[in-house]
Amino acid sequence: MLRRPIMGGIFGQGEFELATQPTVVNGLHAVRFLVIQPRAGRVLAIAESKTEALASARRVLRATDAANDEPHWVQPRLWSDAELAVVLSTPPPRPVSRRRREVFERSGGRCHYCARPLELASGWHIEHQMPQALGGTEAAGNLVAACAPCNLAKRDRTAIEFVAARSRLASSSSG
């Protein structure tokens, strides 16, 4: 849900927000507009167009008693302050592409070079065993999951060159 503060007029200085919510109507993608008061956890209006939502919210706010800041209508709180704070502070998870998921699953969720466990959502690279700089392709057989340190250390070497260099380095440091 995308949200923008509404400034000026009856809406004041950012107490209310215009939110857009993707939805599906009759099998087609659509957007629904909401005027919300996040601190109070209230939805003032919901409409199919921005102008309808704003007009409806204005009507609700005009119905508010001047001596009393509470509107004549009463809506129960939708979220507690704690739940609202969590929702507002956590970004939505980024979707993982099908190719990235396939490479991750083929690698068993581990770095191809050091076997370090990886998390699907972040922290790893799709690595070309034969680098593109040396003629490697985007074919599935050329792609593996690698942790960032291994991928950055490999640079433009082939997978065989990188593994051989690591094993030489390991044997010289242990002997």
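## Thr23 and its surroundings

Thr23 has a relative accessibility of 18% and therefore counts as buried, since the cut-off for a buried residue is under 20%. This value, like the others in this report, is computed from a predicted model. Thr23 is part of strand β2, which covers residues 13–25.

Apart from neighbours within four places in sequence, Thr23 is in contact with Leu28, His29, Ala30, Val31 and Arg32.

## Aromatic pairs

Three aromatic pairs turn up in a search of the whole structure. One of them joins Phe104 and Trp124 in a tilted arrangement, with 5.6 Å from centre to centre and 40° between the planes. Phe104 belongs to helix α3 (residues 98–106) and Trp124 to strand β5 (residues 124–128), so this pair ties together parts that are 20 residues apart in sequence. Both Phe104 and Trp124 are buried. Trp124 also has a charged neighbour: Arg100 lies over the face of the Trp124 ring, 3.9 Å from the ring centre.

Tyr113 and Phe162 make up another aromatic pair, and this one is edge-to-face, with centres 5.1 Å apart and planes at 85°. Tyr113 is found in the loop between α3 and β5, while Phe162 is in helix α5 (residues 159–174), so the pair ties together parts that are 49 residues apart in sequence. Tyr113 counts as buried because its relative accessibility is 13%. Phe162, at 3% relative accessibility, counts as buried too.

## Helix α5 and a long separation

Helix α5 also contains Ala164. With a relative accessibility of 29%, Ala164 counts as partly exposed, whereas Phe162 in helix α5 is buried.

Ala164 and Ile46 are 118 residues apart along the chain, and their C-alpha atoms are separated by 63 Å.

## Fold and overall dimensions

The protein contains five helices and six strands. Along the sequence these elements follow the pattern β-β-β-β-α-α-α-β-β-α-α. Strand β2, where Thr23 lies, belongs to the run of strands that opens this pattern.

The radius of gyration of the protein is 27 Å, against a value near 16 Å for a compact globule of 175 residues. Along the principal axes, the C-alpha atoms fill a box of roughly 85 × 40 × 25 Å.

## Burial, contacts and surface

Of the 175 residues in the protein, 31% are buried; Thr23, Tyr113 and Phe162 are among them. When contacts between residues at least 6 apart in sequence are considered, 38% join residues at least 24 apart.

The protein has an accessible surface of about 11,800 Å². Carbon and sulfur atoms account for 57% of that surface.

## Confidence of the prediction

The mean pLDDT of the protein is 85, and 90% of the residues reach 70 or more. Among the elements, strand β6 (residues 143–147) has the highest mean pLDDT, at 96, and helix α2 (residues 81–89) the lowest, at 74. Where pLDDT is low, predicted coordinates should not be read in detail.

Technical notes
Residues are numbered from 1 along each chain as its sequence is written. This is a predicted model: local features need pLDDT of at least 70, side-chain atom pairs count only at pLDDT 80 or more; totals for chains, interfaces and linings use all residues. Side-chain values use heavy atoms; hydrogens and water are left out. Rings of Phe, Tyr and Trp (its six-membered ring) pair if their centres lie within 6.5 Å; planes under 30 degrees apart count as stacked, over 60 as edge-to-face and the rest as tilted. Helices (H or I, at least four residues) and strands (E, at least two) are DSSP runs, numbered from the N terminus. Buried means under 20% relative accessible area, exposed over 50%, partly exposed in between (1.4 Å probe, protein chains only). A charge sits over a ring if NZ of Lys or CZ of Arg is within 6 Å of the ring centre and within 35 degrees of the ring normal. Contact means heavy atoms within 4.5 Å. The radius of gyration is taken over C-alpha atoms; the globule rule is 2.2 Å times the number of residues to the power 0.38. Accessible areas come from the Shrake-Rupley method with a 1.4 Å probe; for residues, only the protein chains shown count as cover. pLDDT is the predictor's confidence in each residue, from 0 to 100.
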